Amino acid sequence: MNEASVQRMEKSIAALKDEFNAIRTGRASASLFDKVRVDYYGQPTPLNQVATISIPEARSVVIQPFDKSLIGEIEKAIQKSELGLNPSNDGKIIRIAIPPLTADRRKELVKQAKATAENSRVAIRNIRRDGNEELKKMQKDAKLTEDELKTSEEDLQKSTDKFITEINKILEAKEKEIMEG
C-alpha cells in the first residue's frame, strides 16, 4: 500500500522537475524547448524529434532541422511558445540568442516556480491523504491491526516529509538559478 503512495510521490517530483526545466533562466538549455511542438505534416511533434538542438555558448542556441523544409514551422513554433525568444534562420539552421532576464522577469519566474512547487506539495499531501484513507479502510476490513495502522501512517508521514523537503530543495536551486541567470 505504502509503496504505491511513494511511487505516486516520486512521479510528482519528476513532474515538478519537468515543469522547472521549461522555466527559462538567463542560460541557454536544450530542455527549454521540451514543450515546443512543431507542425510536422499536420501532427504537433516535439521539436527535439524534428531537429538537433545544440548550445554552442551560454547564451545561444542552434537548432538544425533534420528536414530543411521545416525551418519555417520550427521558427513559428518557437515564436508562438511562451519562451519570449526571437529565432532567426539562414535557410539551414535557426539561431537564437538568449537575452538576459530583467529583474522584473526574474521575480515573475521565481513567483511561477514557487506556485509550481506549492502545487507539487499539495499533490504530495493529497497522496498522503489518499494513502491514510486506504490504510483506515484496510484496518476497518480487518486487514491491518491497530498497531500496523499506526506504523503505516507514521511511515507515510515520513515519506511525505521527505518528498516535501525534496520539493523545497529543488525550488531553492531553481530560484538560485533564476536569480543568477
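In this predicted model, helix 3 (residues 103-140) and helix 4 (residues 146-180) have axes that come within 10 Å and cross at roughly 170°. An angle over 145 degrees counts as roughly antiparallel, and helix 3 and helix 4 are therefore roughly antiparallel to each other. Sorted by class, the residues in the contact of helix 3 with helix 4 are 14 nonpolar, eight polar and 11 charged.

Helix 3 also packs with helix 1 (residues 2-21): the axes of these two helices come within 10 Å, and the crossing angle is roughly 170°. Helix 1 and helix 3 are therefore roughly antiparallel as well. On the helix 1 side, the contact is made by Ser5, Arg8, Met9, Ser12, Leu16, Glu19 and Phe20. On the helix 3 side, the contributing residues include Ala113, Thr116, Ala117, Ser120, Ala123, Ile124 and Ile127, and Arg128, Asp130 and Gly131 are also among them. By class, the contact of helix 1 with helix 3 has eight nonpolar, five polar and four charged residues.

The two contacts are set out by residue class below.

| Helix pair | Nonpolar | Polar | Charged |
|---|---|---|---|
| Helix 3 with helix 4 | 14 residues | eight residues | 11 residues |
| Helix 1 with helix 3 | eight residues | five residues | four residues |

One residue of helix 4 can be described individually: Ser159 is found in this helix. Ser159 has 14% relative accessibility and therefore counts as buried, the cut-off being under 20%. Apart from neighbours within four places in sequence, Ser159 is in contact with Val6 and Met9. Met9 also belongs to the helix 1 residues that make the contact with helix 3.

Methods:
Residues are numbered from 1 along each chain as its sequence is written. This is a predicted model: local features need pLDDT of at least 70, side-chain atom pairs count only at pLDDT 80 or more; totals for chains, interfaces and linings use all residues. Side-chain values use heavy atoms; hydrogens and water are left out. Axes are lines fitted to C-alpha atoms, for helices over the stretch in contact, and angles run from 0 to 180 degrees between N-to-C directions. Helices (H or I, at least four residues) and strands (E, at least two) are DSSP runs, numbered from the N terminus. Angles under 35 degrees count as roughly parallel, over 145 as roughly antiparallel, 65 to 115 as roughly perpendicular and the rest as oblique. Ala, Val, Leu, Ile, Met, Phe, Trp, Tyr, Cys and Pro count as nonpolar, Asp, Glu, Lys and Arg as charged, and the others, Gly among them, as polar. Buried means under 20% relative accessible area, exposed over 50%, partly exposed in between (1.4 Å probe, protein chains only). Contact means heavy atoms within 4.5 Å.
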